[in-house]
Structure formats: C-alpha cells, structure tokens
Amino acid sequence: MPAQPIRPEHTGSASAAGMDVPSFNPSLVKAVFRDVTPLHVSRSAARAAAAVTGTVLTDIIDGALRAAGEEARKKLLPRDLVTAIDRDVELEVGGRWYHHSPTFKGLTGVMYDAEGVVVRAPKRSRSRKPSAVVGAHRFEVGIRKLLRNRGTAAVPAMVRDLDGLASVFLTDLARDAAMVVREGGINRFGTVTLMTPGEPADTRPFVPESVPALSTRAGDGRTIDRDDVLAATMIQLFGEVRQRALAAAREATESGSCS
C-alpha cells in the first residue's frame, strides 16, 4: 500500500503557534523596529507584531507541509516553500527576500526600473547598515520551534528562507506602522479580486469592517501602538491570512501572552 501524503490540519487560527515562539518576543521585535524608525514602540505594539509575524510564518509552513505531503515527506525542502507560495497568493510576503535567496533565483523573472534598465539582484553585503536581509538570522531559533509545533523539520536552506521571510516581513510591517503614525491613520490597504473565467467580476470595493476604526488614530506622534501595527497588517496582508493575523494580534495583546 503506498504511503499516504501528510495533510496538516488547518486550525483556522495560528495565533497560538505564533505566540509560542520565543524568538518573536517583544524585545526582539522592538530591535527590528529600531532598525527602521526612531519612534518609541509600545509593549502592546511589539506583542501584536510578534503575533502577526508568527501567524504568517505558520501559514507558510502549513502550505509547505501540504506540498511535502504530496511526496510523503515530513522534512521540508526549499522547493516546498516555492510551491506553497505559488499555490497561495496570500502567502507572498517579504518580496525583497525572493531576490536575495538562491531558492527563488530564476523564478522571479527579470526586473526593470522606470527607465527600462534591468535591476540586478543585490549581492550579499558586509555593510553594517541595518537591513532586513543583513539581519536575516535573528529568528532561526523561533523558526525551528515553529516547525516543531507543526510536527515537522526543514533542511538548513529552508530554515534560512523562513528566517529571511520573517525578517523582511517584520521590517516591512515596522515601516508601515511608522508611516501610519506619521500620516495619522491608515490611508491605503491591499485588496485582491478573484475572478472566475466566464463570469463577470464584482468591481465593488471591499472594505473590511476593521478599516474604518483604523482610518484615524489617537495618541501622540512619537509612539507606535497596537492599533498602528493592526493598520500596518491591513496594508501588508489580505484575505484569510490577514483576518487570522489580526485576530492573533488582538488575542496576544488582550491576554498579554505573546512573549
């Protein structure tokens, strides 16, 4: 009898997994925020960002597990990551990492700038200038624990890719949260319209219920708070993963158990 593929069950909420990762603790999250903004980061904001990042990484790992399960494997390979992202557009986060990692080499196509000049992939840098790519090693311990939480393991190259995606995503989240503070609220968020061939597309704008509450912000202009991270999450994510991430962030800040 052939081995049955491994099919991880999706719990509908990755908040518990995200909050159980020590590497996504508030102090580490604050260090990432300090790389990109001089604004103060509240404890609730750091917990929210940790929960959001943990949720996204859990979804990516689950997608890779489904790909590996089709070959009756439990240990994840880089090609499982590529398959997971290719199958689920909601998991396309940390795009700058794609052009740095050998896993995605040749898969992202040729990029051109506004003048039509080919954009070369960045070389590995020894620069001390803070960046998400240079700092893409800080979450390795947490990534390995996330993998154990999902009952799997990964080869070193896959761990590094997950680590890099976490670092780049959290850096982007920090930048958007800082932008929300500067602009006094959320002025944009991503949407994707899925169309079925032969059927008319629904062109009515979809505005999530949580957007109006985040369109303006209260508080001073020197501190990134929880709601600023929620607004940044609305910008960075969409679809079901966005809703799970927002729910995980709220749960983490209400229970105070994200550290």
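Asp62 counts as buried in this predicted model, because its relative accessibility is 1%, well inside the range under 20% that defines the term. This residue nevertheless has a charged partner: Asp62 forms a salt bridge with Arg150, and the closest N and O atoms of the two are 2.9 Å apart. The contact links distant parts of the chain, since Asp62 sits in helix H3 (residues 43-69) whereas Arg150 belongs to the loop between helix H6 (140-149) and strand S5 (153-154), 88 residues apart.

A second pair can be found by moving to the loop between H3 and strand S2 (75-76), where Glu70 lies. The side chains of Glu70 and Arg87 meet in a salt bridge, with 2.8 Å from N to O. Arg87 is in helix H4 (residues 78-87), so this salt bridge ties together parts of the chain that are 17 residues apart in sequence. As for their surroundings, Glu70 counts as partly exposed at 48% relative accessibility, while Arg87, at 53%, counts as exposed, because the boundary for that class is over 50%.

The next pair is formed by Arg79 and Glu71, whose side chains meet in a salt bridge at 2.9 Å, N to O. Both residues are partly exposed: Arg79 has a relative accessible area of 44%, and Glu71 one of 43%. Their pairing belongs to a network of salt bridges in which Glu71, Arg73, Arg79 and Asp80 are linked.

Side chains of opposite charge can pair when their charged atoms come close. In the structure as a whole there are 12 salt bridges, among them the pairs Asp62 with Arg150, Glu70 with Arg87 and Arg79 with Glu71.

Technical notes: Residues are numbered from 1 along each chain as its sequence is written. This is a predicted model: local features need pLDDT of at least 70, side-chain atom pairs count only at pLDDT 80 or more; totals for chains, interfaces and linings use all residues. Side-chain values use heavy atoms; hydrogens and water are left out. A salt bridge is a side-chain nitrogen of Lys or Arg within 4 Å of a carboxyl oxygen of Asp or Glu. Helices (H or I, at least four residues) and strands (E, at least two) are DSSP runs, numbered from the N terminus. Buried means under 20% relative accessible area, exposed over 50%, partly exposed in between (1.4 Å probe, protein chains only).
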